[in-house]
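I opened a fresh notebook page for this one. Below is what I looked up, in the order I looked.

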Amino acid sequence: MGRTRREFLATCGAGAALWAGSRLIPREILVSPLEAEEIPPDRVRELAAFALDRAKKAGATYADIRINRYRTQLVTLRSQPDFASGALNHVPSINETGTFGFGVRVIAAGAWGFSGRHLVTKDAVAAAVKEAVAIARADAPLRREPVRLAKVGAFTDAYRTPVKQDPFAVTVGDKLEFLRGLNSEIKKVDEIFSANGTIALRRESRFFASSEGSRIEQEVVHTSSELTATAVEKGRKTKSRTYRPHAVAAGWEAVERARYADHARRIAEEAVAHLKAPSVDPGTKDLVLMPSHLGLTIHESLGHSTELDRALGYEADLAGTTFLTPDKLGKFRVGSDLVNVNGDRVRPESLSTCGWDDDGVKTRQFPLFKKGIFSGYQTIRDQAHLIGQEESTGCCYADSYASVPFQRMPNVWLEPAQEPVSLDDLVSGVDEGILIDGRGSWSIDQQRYNFQFGGDVFWEIKGGKVGRMLADVAYQSRTPDFWQACDGLGGDATWENVGLQNDGKGQPQQVNAMSHGCPPARFRRVNVLRTE
Amino acid sequence: MATLTAKEARALADRILSFSRVEECEVTIEARESAHTRFAASDVTTAGIATTLALTITSRKRGKSGTVQVSETDPASLERAVRRSEEILGLAPESPEWVEELGPQTYPAIEAFDAATAAAGPEMRRDGAAAAIEAARGASLAASGFFSTDITSSAIANRKGLFGFQRATEASFSTTMRTPDGTGSGWAGRTATRLADLKTGEIAATAAKKALASAKPKDLEPGRYTVLLEPQAVADLLGTMIGGLQARAADEGRSVFSKPGGGNRVGEKVFAEMVTLRSDPFDARVPGRPWIVPLGFGGGGGGAFGAGAQNQGLPAARVTWVEKGTLRNLSVDRYWARKTNAPPVPYPGSLILEGGSGTLDDLVASCTRGLIVTRFWYIRTLNPQTLQQTGLTRDGVWLVEKGKIVAPVNNFRFNDGPATLLRNVEAMSASVRAGRMVVPAVRARDFNMASRSDAV
């Protein structure tokens with residue numbers, strides 16, 4: 001490079017004049033979608049080898065290619081009265097997606113370049129490699145130092161989510177019939193306006209090959225389902241109650257074991273009770289949070305705060321930074337001694353679990369908080385060295401073939417108490433408080449300090465006993481204050497593996513799914529608001 | 001540029017429709033080329049380009065429907081996709097809310113394409129990043145940000161001969177700059193059809209100025225304040241209003257525009273006299289599609305409570321939602337139109353809040369005491385029947401006293417919302433594009449800043 005970075009920057013002020021620059025790939029070397037050919041599965045390895053060879057010849061010092069197929073299915077059934085006749089209408093909706101494509105990532109001249117395409121052909125792969133290398137070379141003069149990657153092994157291996165019953169093999173008709181039975185049960189309860197049943201499936205078939213020698217095939221399957229009852233007082237109030245078995249990396253067996261039939265009527269009755277429940281009296285109260293609720297609190301306050309890319313300022317323009325700066329690693333107290341939290345991508349049935357990440361790093365478990373002290377970051381290969389670490393913790397993921405892989409949250413879970421503490425034990429220690437189950441509204445600042453969470457349902461605790469239902473509850477706190485106020489956790493028998501989907505991050509935004517296993521937990525003297 | 005031409009889109013749609021064996025089959029095509037450069041910690045981080053294609057095929061027969069979305073375009077894959085949509089249709093029960101497929105439509109021409117934006121390469125995006133990095137360095141700040149250029153070719157077609165095509169460009173640049181001591185952060189950004197309208201240097205200078213001016217904020221207690229919301233903050237708050245403007249939700253008693261006991265509030269005064277809220281797909285500042293596109297993934301039943309899916313393919317039209325504070329229209333999908341004997345009304349693709357004149361500076365000059373808010377973050381609805389929300393201020397809040405900015409102050413969490421904001425509005429500047437909206441800066445009284453936020 002002829003110019004230093006400073007000289008280059010100094011000449012960029014009048015950049016507009018240079019913007020007439022041409023696109024990299026002339027149209028004639030692009031393949032028209034109308035000329036596409038079907039790609040047999042055995043050609044995938046051949047195309048990957050071709051891409052890596054082309055990248056090397058173009059001067060890339062590193063290259064990887066992901067050739068991925070995604071399938072999703074969303075089946076919903078909404079049951080509500082006809083506006084005119086009042087008769088019960090069951091309204092089905094079925095959407096399936098099936099997408100296939102590849103993404104090539106290179107390091108050339110010390111900078112990253114990426115190109116992803118939906119057409120998987122030799123010509124398209126060649127064009128994409130050329131494009132990715134040209135993007136890297138365009139950006140190289142701006143890099144302060146060349147991209148560095150943490151060491152990684154070379155793997156030729158495969159991983160598959162253990163699935164007992166393929167959820168895509170259960171017919172759409174059977175799924176709708178299943179939801180119709182549940183919705184009808186909900187609608188038997190007077191004052192229920194509508195019932196909604198949802199089944200959502202995702203399968204990612206990923207092939208990864210890198211210039212460092214890995215050839216990895218993976219198939220990851222996610223199954224989720226939920227059932228919601230809604231009660232409406234026209235023009236005044238709407239209250240819903242949801243039964244949501246934890247979304248899992250597993251098959252249809254997860255829906256069957258959820259015993260939906262035992263819960264349909266219960267959630268209908270609780271939705272009606274919620275509509276009639278008195279508003280909470282705001283003030284300082286103790287909280288007992290069920291796993292179905294606490295999982296999201298863990299996600300927002302402890303999951304996002306331990307992302308290294310946020311700590312480095314890489315997400316400052318949208319997702320934000322974090323209060324857990326590198327100088328606090330190994331020293332800063334976030335929680336009480338009870339708070340032991342791990343990151344992992346290996347725990348069975350957890351949504352982030354797979355064999356290797358999108359950097360080709362073997363997945364594993366690692367600590368984030370030990371006895372309340374901040375003890376680790378979620379990392380990827382090009383950032384580990386920035387905090388003096390030699391290996392990545394395997395948290396790289398892209399949500400599509402067309403997305404750039406970057407640091408995403410793994411499963412982040414809270415260890416249970418070592419003693420056999422029950423939910424009743426936690427509640428019995430509360431004189432005046434609230435028991436919260438399920439997800440409501442949630443919001444947290446861009447450095448992960450100030451949060452405010454609602455819930456799906458709330459019960460008053462008085463004198464160590466769970467009493468009447470309350471409405472319009474939210475609690476507001478600061479992450480370290482809140483977790484240091486944690487003085488009780490349930491034991492192993494109370495621990496649940498809470499799955500969370502649709503976590504957004506990045507520019508352009510990508511989605512991610514992970515699990516936040518936890519026991520029920522007790523927090524002392526938290527600020528409770530009324531959100532009427 | 002590399003996205004589909006009208007001729008290619010029509011050929012692709014015709015090929016898909018040729019495989020159809022049922023009465024009704026509709027295809028939408030979205031071919032997109034999205035290129036971006038990210039920068040952070042005053043360095044370029046990642047950059048890339050993604051060429052994607054989404055072909056959405058819906059087969060329908062007497063109230064039953066099946067929808068699949070695919071990306072592969074070889075004939076065997078396309079035929080499989082059509083067969084799968086028909087297979088799903090065969091397994092689904094009839095939807096009581098079905099509407100018949102549209103016949104041929106006449107779509108207006110909406111200019112949304114800029115050749116210079118489509119021709120932009122990675123060097124141009126790098127230079128934009130470099131300008132921000134340089135501006136930050138000159139002020140001892142750390143810059144992060146995002147520069148993207150997109151080209152989208154969209155088409156809609158069905159077996160009855162309906163066809164529409166549009167090619168559009170969009171360029172977006174945003175940057176956040178932070179002071180080294182971590183006490184100051186400033187954001188600025190813009191989205192436009194034409195790259196030339198972004199003015200990246202101006203955006204970088206604004207972000208730098210805000211970062212410096214927000215450093216070492218003064219402690220201010222939570223409470224009710226007059227707020228001076230910059231256009232981005234107004235757009236952030238109005239985001240949930242888009243979903244709230246539905247006749248069905250109002251008629252069913254589930255919305256802020258429901259009457260207690262039943263019916264909707266069309267014809268009632270709902271906001272301050274100066275509030276006029278409308279949608280205009282022909283407005284060059286934020287051009288829309290020539291046809292209606294539903295929110296989310298269109299399909300047979302329209303999701304949880306329907307989101308205008310049945311209006312897909314109707315010609316785009318201007319709608320006035322609120323005129324001088326009075327609710328004039330709510331969106332009505334074709335099913336709800338049949339149920340309530342009303343004409344269909346398009347779902348708002350974006351909102352235009354009619355402004356006044358002048359700029360934020362004029363609103364400041366006439367303010368006795370208030371808070372300037374740059375933008376909001378992490379907004380969630382607490383109550384759909386009041387549109388009460390919670391969220392946080394971010395990237396620059398300042399206290400105004402007697403017409404002058406006196407000090408930067410800490411961030412806040414608010415518990416308030418767009419419905420109360422539009423009732424309490426006192427003055428508005430001229431409107432400008434902010435994200436997908438066109439809105440003014442707004443001064444409004446009694447905004448509830450509920451707690452302090454330590455975040456910067």
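**Entry 1: ground rules.** Before I place any residue in a loop, I need to fix what the elements are: helices (H or I, at least four residues) and strands (E, at least two) are DSSP runs, numbered from the N terminus. I also remind myself that this is a predicted model.

**Entry 2: a loop residue in chain B.** With that settled, I looked up Asn341(B), which sits in the loop between α8 (334-340) and β11 (352-353) of chain B. Its phi is near 55 degrees, a positive value in a residue other than glycine. Is Asn341(B) buried or exposed? I find Asn341(B) exposed, because 6 other C-beta atoms lie within 10 Å and 12 or fewer count as exposed.

**Entry 3: other backbone oddities.** I kept in mind that most residues other than glycine have a negative phi, and most peptide bonds are trans. In chain A, I noted Arg525(A), which is not a glycine and yet has a positive phi of about 55 degrees. Arg525(A) belongs to strand β22 (residues 521-530) of chain A. I counted 14 other C-beta atoms within 10 Å of Arg525(A), so it is partly exposed. Next I checked a peptide bond: the one from Gln507(A) to Pro508(A) is cis, with omega near -5 degrees. Pro508(A) is in the loop between β20 (499-505) and β21 (510-515) of chain A.

**Entry 4: chain A as a whole.** I listed ten helices and 22 strands for chain A. Its C-alpha atoms fill a box of roughly 75 × 55 × 45 Å along the principal axes. How does the radius of gyration of chain A sit beside that of a compact globule? Chain A has 25 Å, and a compact globule with 532 residues would have a value near 24 Å, so the two agree. Of the 532 residues in chain A, 59% are buried. I then took the contacts in chain A between residues at least 6 apart in sequence, and 75% of them join residues at least 24 apart.

**Entry 5: chain B as a whole.** I repeated the exercise for chain B and found ten helices and 19 strands. The box filled by the C-alpha atoms of chain B is roughly 70 × 60 × 35 Å, again along the principal axes. The radius of gyration of chain B is 24 Å, which agrees with the value near 23 Å for a compact globule with 456 residues. Buried residues come to 58% of the 456 in chain B. For contacts in chain B between residues at least 6 apart in sequence, I got 72% joining residues at least 24 apart.

**Entry 6: a helix pair in chain A.** I looked at helix α4 (residues 172-187) and helix α6 (residues 264-276) of chain A, which pack at an angle of about 40 degrees with their axes 8 Å apart. That angle makes α4(A) oblique to α6(A). The crossing of α4(A) over α6(A) is right-handed. I wrote down who makes the contact: Leu182(A), Glu185(A) and Ile186(A) from α4(A), and Ala264(A), Arg265(A) and Ala268(A) from α6(A). By class, I have four nonpolar, no polar and two charged residues in the contact of α4(A) with α6(A).

**Entry 7: a helix pair in chain B.** Here I took helix α4 (residues 122-138) and helix α5 (residues 200-214) of chain B, whose axes are 9 Å apart at an angle of about 30 degrees. Why do I call α4(B) roughly parallel to α5(B)? The label follows because angles under 35 degrees count as roughly parallel. The crossing of α4(B) and α5(B) is right-handed. Among the residues in contact are Gly128(B) and Ala131(B) of α4(B), and Thr200(B) and Gly201(B) of α5(B). The contact of α4(B) with α5(B) has seven nonpolar, three polar and no charged residues.

**Entry 8: where the chains meet.** I found 88 residues of chain A in contact with 101 residues of chain B. Which element gives the most to the side of chain A that touches chain B? My answer is strand β2 (residues 88-108) of chain A, with 13 residues. That side of chain A divides into 36 nonpolar, 34 polar and 18 charged residues.

**Entry 9: one residue up close.** I ended on Ser443(A), in strand β15 (residues 432-444) of chain A. Ser443(A) is buried, because 24 other C-beta atoms lie within 10 Å. Leaving aside neighbours within four places in sequence, Ser443(A) is in contact with Phe451(A) and Gln452(A), and, across in chain B, with Tyr378(B), Arg380(B), Thr390(B) and Gly391(B).

Terms used: Residues numbered from 1 in each chain as written. Chains lettered and ligands numbered in written order. Predicted model: local features only at pLDDT ≥ 70, side-chain atom pairs only at ≥ 80, totals over all residues. Buried ≥ 20, exposed ≤ 12 C-beta atoms within 10 Å, placed from the backbone. Contact = placed C-beta atoms within 7 Å. Rg over C-alpha atoms; globule rule 2.2 N^0.38 Å. Axes fitted to C-alpha atoms, helices over the stretch in contact; angles between N-to-C directions. Parallel < 35°, antiparallel > 145°, perpendicular 65-115°, else oblique. Left-handed = near helix turned anticlockwise from the far one by under 90°. Nonpolar A, V, L, I, M, F, W, Y, C, P; charged D, E, K, R; others polar.
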